[in-house]
Amino acid sequence: MTDLTREEQDHVRLALRYLYGLVGGWVPLAKSLGFQTDSLEKVANARGRAVTGGLAIRVARLADVAIEDVLDGTYPPRCPTCGQPTKRTPTGLTDRIGAAA
């Protein structure tokens, strides 16, 4: 059960997949978020697991953005021309990933 709307869960999932691409996989991302790799992958791909508020907060902290930006879909940053998430690594993200490992 979750207190997040379907749309908010979709936005958190998008942020998870974006971070996955930036950090190079589920293993480093799961470690940095304090989750089991298999559980995180199931949540991110909507395979029987709901996104929790706690996970949304962890994603926002890792990305160093406001929780509102994750929940409303402002994060991840998007290309103004095509609307696709950018591939630019946020400042300090690799340091936060490395510190959690």
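1. Accessible areas here come from the Shrake-Rupley method with a 1.4 Å probe. By that method, the protein chain has an accessible surface of about 5,800 Å², and carbon and sulfur atoms make up 50% of that surface. Keep in mind while you look around that this is a predicted model.

2. Now for the overall layout. The protein chain has six helices and zero strands, so if you go looking for strands, the count to remember is zero. Following the sequence along, you read the pattern α-α-α-α-α-α. The chain has 101 residues, and 36% of them count as buried. As for contacts, take the ones between residues at least 6 apart in sequence: 59% of these join residues at least 24 apart.

3. Start your tour with helix α1, which covers residues 6–23 and has 18 residues. From its first C-alpha to its last it reaches 26 Å, close to the 26 Å expected at 1.5 Å a residue. Quite a few of its side chains are worth clicking on: the buried residues in α1 include Gln 9, His 11, Val 12, Ala 15, Leu 16, Leu 19 and Leu 22. Arg 13 and Tyr 18 are on that buried list too, and both come back below. Just after the helix comes Gly 24, which has a positive phi, near 95°.

4. Which two residues of α1 form a salt bridge? They are Asp 10 and Arg 13, and their closest N and O atoms are 3.9 Å apart. Both partners sit in helix α1, three residues apart, about one turn of the helix. Their surroundings are worth a look as well. Arg 13 has a relative accessible area of 4%, so it counts as buried, whereas Asp 10, at 38% relative accessibility, counts as partly exposed.

5. The structure holds two salt bridges, and one of them joins the side chains of Asp 38 and Lys 42, with 3.1 Å from N to O. These residues are about one helical turn apart because they lie four residues from each other in helix α3 (residues 37–44). Are they buried or partly exposed? Asp 38 is partly exposed at 44% relative accessibility, and Lys 42 is partly exposed too, with a relative accessible area of 25%.

6. Next, the aromatic rings: the count comes to two aromatic pairs. In one of them, the rings of Tyr 18 and Tyr 75 have their centres 5.5 Å apart. Why is this pair called edge-to-face? The planes of the rings stand at 85°, and planes over 60 degrees apart count as edge-to-face.

7. Stay with that pair a moment longer. Tyr 18 lies in helix α1, while Tyr 75 lies in the loop between α5 (67–71) and α6 (93–100). The pair therefore ties together parts that are 57 residues apart in sequence. Both rings belong to buried residues: Tyr 18 has a relative accessible area of 5%, and Tyr 75 comes in at 6% relative accessibility.

8. Last stop: Ser 32, in helix α2 (residues 26–33). Its side chain has a polar atom that lies 2.8 Å from the backbone oxygen of Leu 29. Is Ser 32 buried or exposed? Its relative accessible area is 16%, and the cut-off for buried is under 20%, so Ser 32 counts as buried.

Technical notes: Residues are numbered from 1 along each chain as its sequence is written. This is a predicted model: local features need pLDDT of at least 70, side-chain atom pairs count only at pLDDT 80 or more; totals for chains, interfaces and linings use all residues. Side-chain values use heavy atoms; hydrogens and water are left out. Helices (H or I, at least four residues) and strands (E, at least two) are DSSP runs, numbered from the N terminus. The expected span of a helix is 1.5 Å times one less than its number of residues. Buried means under 20% relative accessible area, exposed over 50%, partly exposed in between (1.4 Å probe, protein chains only). A polar contact is a pair of N or O atoms within 3.5 Å; within protein, one must be able to donate a hydrogen and the other to accept it, and residues adjacent in sequence count only if both atoms are side-chain atoms. Rings of Phe, Tyr and Trp (its six-membered ring) pair if their centres lie within 6.5 Å; planes under 30 degrees apart count as stacked, over 60 as edge-to-face and the rest as tilted. A salt bridge is a side-chain nitrogen of Lys or Arg within 4 Å of a carboxyl oxygen of Asp or Glu. Contact means heavy atoms within 4.5 Å.
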